[in-house]
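I opened this notebook to record what I looked up in a structure that was new to me. The entries follow the order in which I consulted it.

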Amino acid sequence: MGSGWKFEVIQKTLQEECNQLSVSELCEIAGVSRSGYYRWVNAAGVRGERGPGRF
């Protein structure tokens, strides 16, 4: 299993109105790199083309 689920949790947390944590803090907690998170965000279109469950 890849880090995709961690990035999804980070993204959902950032969208919550009551969240006070930064991307850097969330990535540190999740044990992933901030650059990896942004790479994942920017690749959303490619993931959508591949279909569900294929990261």
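**Entry 1. Terms and source.** I began with the term nonpolar core: a set of buried Ala, Val, Leu, Ile, Met, Phe, Trp, Tyr and Cys residues joined through side-chain atoms within 4.5 Å. Buried means under 20% relative accessible area, exposed means over 50%, and partly exposed lies in between (1.4 Å probe, protein chains only). I noted that this is a predicted model, in which local features need pLDDT of at least 70 and side-chain atom pairs count only at pLDDT 80 or more, while totals for chains, interfaces and linings use all residues. Residues are numbered from 1 along each chain as its sequence is written, and side-chain values use heavy atoms, with hydrogens and water left out.

**Entry 2. The chain as a whole.** I looked up the secondary structure and found four helices and zero strands. The pattern along the sequence is α-α-α-α. Helices (H or I, at least four residues) and strands (E, at least two) are DSSP runs, numbered from the N terminus. Of the 55 residues in the chain, 22% are buried. I recorded an exposed area of about 4,200 Å², of which carbon and sulfur atoms supply 51%; the areas come from the Shrake-Rupley method with a 1.4 Å probe, and for residues only the protein chains shown count as cover. Contact means heavy atoms within 4.5 Å. Among contacts with a separation of 6 or more, 39% join residues 24 or more positions apart.

**Entry 3. The core.** Which residues make up the largest nonpolar core? I listed eight: Phe-7, Ile-10, Val-23, Leu-26, Cys-27, Val-32, Tyr-37 and Trp-40. Helix 1, helix 2 and helix 3 each supply at least two of these residues, and helix 2 gives the largest share, three residues. In soluble globular proteins, nonpolar side chains tend to be buried together. For Val-32, I set aside neighbours within four places in sequence and found contacts with Ser-3, Lys-6, Phe-7, Ile-10 and Cys-27.

**Entry 4. Helix 1.** Helix 1 covers residues 4–15, twelve in number, and reaches 17 Å from its first C-alpha to its last. That is close to the 16 Å expected at 1.5 Å a residue, where the expected span is 1.5 Å times one less than the number of residues. I noted Gly-4, Phe-7, Ile-10 and Thr-13 as the buried residues of helix 1. They pack against helix 2 (23–30) and helix 3 (34–42).

**Entry 5. Helix 1 against helix 2.** I found that the two axes come within 10 Å and cross at roughly 145°. Axes are lines fitted to C-alpha atoms, for helices over the stretch in contact, and angles run from 0 to 180 degrees between N-to-C directions. The contact is made by Lys-6, Ile-10, Thr-13 and Leu-14 of helix 1 and by Val-23, Leu-26, Cys-27 and Ala-30 of helix 2.

**Entry 6. Three partly exposed residues.** Why does Leu-14 count as partly exposed? Leu-14 does so because its relative accessibility is 30%. Leu-14 lies in helix 1, and its C-alpha is 8.7 Å from that of Leu-26, twelve residues away in sequence. Not counting residues up to four places away in sequence, Leu-14 touches Asn-19, Leu-21, Ser-22, Val-23, Leu-26 and Tyr-37.

Leu-21 sits in the loop between helix 1 and helix 2 and is partly exposed, at 36% relative accessibility. Leaving aside neighbours within four places in sequence, Leu-21 is in contact with Leu-14, Leu-26 and Ile-29.

I closed with Gln-11, which is in helix 1 and is partly exposed, with a relative accessible area of 28%. Gln-11 and Val-41 are 30 residues apart in sequence and 8.6 Å apart in space, C-alpha to C-alpha. With neighbours within four places in sequence left aside, Gln-11 is in contact with Tyr-37 and Trp-40.
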